[in-house]
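Subject: Structure handover

Hello,

Please find the structure below, with the sequence. My notes on what was found follow after it.

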Amino acid sequence: PFITVSLFRRVKKMTKKRRNNGRAKHGRGHVRRVRCEQSGALVPKDKAIKRFVVKNIVDASAVRDIQEACVYDGYALPKIYRKIYYCVGAAIHSRVVRVRSRKERKNREPPPRFPARKN
């Protein structure tokens, strides 16, 4: 009982949702995992949605009081710099990213940035 395989048989390929398979791992076999900020899930670092957050240590209501009481002129209050990682599900749920249509997924351009405020 021999099994004959036709040389001209077409093999059906699975459809591909994204050009990069939802990752940025190209050529690397393994990528370390990071914790999701919201759910605590372990997510591969290249797949995680990353956001860099810069916040003032002092809330806006107290900034003026501190600057008036400060001894030094033009003292810049320190900021908190933090890189936040989200898993895909948590990022969509908390509206960090939005679901895009099939046509819109092809658009690789970054979203428009807000212009810097002038004080």
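Helices (H or I, at least four residues) and strands (E, at least two) are taken as DSSP runs and numbered from the N terminus. The model is a predicted one: local features need pLDDT of at least 70, side-chain atom pairs count only at pLDDT 80 or more, and totals for chains, interfaces and linings use all residues. Residues are numbered from 1 along each chain as its sequence is written, and side-chain values use heavy atoms, with hydrogens and water left out.

Overall layout

The protein has three helices and four strands, in the order β-β-β-α-β-α-α from the N terminus. Its radius of gyration is 24 Å, well over the 14 Å that the globule rule gives for 119 residues, so the protein is more spread out than a compact globule. That radius is taken over C-alpha atoms, and the rule is 2.2 Å times the number of residues to the power 0.38. Along the principal axes, the C-alpha atoms fill a box of roughly 95 × 30 × 25 Å.

Of the 119 residues, 14% are buried. Buried here means under 20% relative accessible area, exposed means over 50%, and partly exposed is in between (1.4 Å probe, protein chains only). The exposed area of the protein is about 11900 Å², and carbon and sulfur atoms supply 54% of it. Areas come from the Shrake-Rupley method with a 1.4 Å probe; for residues, only the protein chains shown count as cover.

A contact means heavy atoms within 4.5 Å. Among contacts between residues at least 6 apart in sequence, 58% join residues at least 24 apart.

The protein has 34 positive and 8 negative charges, and their mean positions are 22 Å apart. Lys and Arg count as positive and Asp and Glu as negative, while His and the chain ends are not counted. Each charge is placed at NZ of Lys, CZ of Arg, CG of Asp or CD of Glu.

Two acidic residues in loops

D46 sits in the loop between strand 2 (42-44) and strand 3 (49-56). D46 is buried, at 13% relative accessible area. Leaving out residues up to four places away in sequence, D46 touches R23, A24, K25 and V31. With R23 there is a side-chain to side-chain polar contact of 3.1 Å. A polar contact is a pair of N or O atoms within 3.5 Å; within protein, one must be able to donate a hydrogen and the other to accept it, and residues adjacent in sequence count only if both atoms are side-chain atoms. A polar atom of the D46 side chain also lies 3.2 Å from the backbone nitrogen of A24.

E37 belongs to the loop between strand 1 and strand 2 and is partly exposed, at 37% relative accessibility. Neighbours within four places in sequence aside, E37 is in contact with R82, I84, Y85 and Y86. The side chains of E37 and R82 share a polar contact of 2.9 Å. E37 and V63 are 26 residues apart along the chain, and their C-alpha atoms are separated by 28 Å.

Positive phi values

N21 has a phi near 60 degrees, a positive value in a residue other than glycine. N21 lies in the segment before strand 1 (33-35) and counts as exposed, at 55% relative accessibility.

R95 also has a phi near 60 degrees. R95 is in the loop between helix 2 (88-93) and helix 3 (102-105), and is exposed with a relative accessible area of 64%. From R95 to Q67 the C-alpha distance is 35 Å, with their positions 28 residues apart in sequence counted as separation.

Regards
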